[in-house]
Amino acid sequence: MTRTTTTALVRLPGIGLEAFAAAGGLHPDHVRRLVALGLLEPIAGEDLRFPPAQLVLLGRIERLHAGLALNYAALGVVIDLLDRISELEAALRRRPRSTGA
């Protein structure tokens with residue numbers, strides 16, 4: 001009697017840790033550290049997988065770290081403030097202008 005084994009090919013969402021780190025030019029351990037600091041948010045699951053948009057955030061984190069010489073823990077606050085500024089500017093652009101006379 002012959003036994004056949006089949007495996008289902010399931011495409012997992014997101015980018016795996018190794019590919020994500022390589023795309024960002026970083027070591028996987030460095031990416032793990034950024035996750036531990038709460039700067040990157042992987043997709044929920046056992047292994048670390050990241051949505052593609054996190055690559056943009058990773059680039060932003062590294063540019064701010066290099067450009068402002070801030071430690072990674074402080075970058076979370078800076079990124080939150082920059083995001084809030086962007087939200088406020090967008091709200092101002094949407095606001096109707098008054099025609100003060």
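Colleague: Let's start with salt bridges. How many does the count come to here?

Modeller: The idea first: side chains of opposite charge can pair when their charged atoms come close. The rule asks for a side-chain nitrogen of Lys or Arg within 4 Å of a carboxyl oxygen of Asp or Glu, and by this rule the count comes to 3 salt bridges. Keep in mind that this is a predicted model, where local features need pLDDT of at least 70, side-chain atom pairs count only at pLDDT 80 or more, and totals for chains, interfaces and linings use all residues. Residues are numbered from 1 along each chain as its sequence is written, and side-chain values use heavy atoms, with hydrogens and water left out.

Colleague: Which residue does R32 form a salt bridge with?

Modeller: The partner is D29, and the closest N and O atoms are 2.6 Å apart. Both residues belong to helix 2 and are 3 residues apart, so about one helical turn separates them. Helices here are DSSP runs of H or I with at least four residues, strands are runs of E with at least two, and numbering goes from the N terminus.

Colleague: And which residue does R84 pair with in a salt bridge?

Modeller: That one is E87, with 3.3 Å between the closest N and O atoms. Again the two are 3 residues apart, this time in helix 4, so they sit about one helical turn from each other.

Colleague: What about R60 and D83, how do their side chains meet?

Modeller: In a salt bridge, at 2.7 Å from N to O. R60 is in helix 3 and D83 is in helix 4, so this pair ties together parts that are 23 residues apart in sequence.

Colleague: How should I read accessibility for R60: what does 23% count as?

Modeller: The cut-offs are under 20% relative accessible area for buried, over 50% for exposed, and partly exposed in between, using a 1.4 Å probe and protein chains only. At 23%, R60 counts as partly exposed, and D83 is partly exposed at 32%. The helix 2 pair falls in that class too, with R32 at 38% and D29 at 47%. So does the helix 4 pair: R84 has 45% and E87 has 47%.

Colleague: Now R49. Is that residue buried, and which side chain of opposite charge is nearest?

Modeller: R49 is buried yet has no salt bridge, and D47, the nearest side chain of opposite charge, is 4.3 Å away. For charge, Lys and Arg count as positive and Asp and Glu as negative, while His and the chain ends are not counted.

Colleague: Which backbone oxygen does the side chain of R49 reach, then?

Modeller: Look for polar contacts: pairs of N or O atoms within 3.5 Å where, within protein, one can donate a hydrogen and the other accept it, and residues adjacent in sequence count only if both atoms are side-chain atoms. The side chain of R49 reaches the backbone oxygen of P13 at 2.8 Å, and one of its polar atoms lies 2.9 Å from the backbone oxygen of G14. R49 itself is found in strand 2, residues 49-50.

Colleague: Where is Q54, which is another polar side chain I'd like to place?

Modeller: Q54 is in helix 3 and is buried, at 12% relative accessible area. A polar atom of its side chain lies 2.7 Å from the backbone nitrogen of E41. Contact means heavy atoms within 4.5 Å; leaving aside neighbours within four places in sequence, Q54 is in contact with F20, L40 and E41.

Colleague: On to the nonpolar side. Which residues of the largest nonpolar core touch the most other members?

Modeller: Such a core is a set of buried Ala, Val, Leu, Ile, Met, Phe, Trp, Tyr and Cys residues joined through side-chain atoms within 4.5 Å. The largest has 17 residues, and V31, L34, L40, F50 and I61 touch the most other members. Helix 1 (17-24), helix 2 (28-36), helix 3 (53-68) and helix 4 (72-94) each supply at least two of its residues. Helix 3 gives the largest share, 4 residues.

Colleague: Last one: which residues of helix 2 are buried?

Modeller: P28, V31, L34 and V35. Taking directions from the helix axis to the C-beta atoms, they cover an arc of only 115°, which puts them on the same side of helix 2. What covers them includes helix 1, strand 2, helix 3 and helix 4. After helix 2 comes G38, with a positive phi near 85°.
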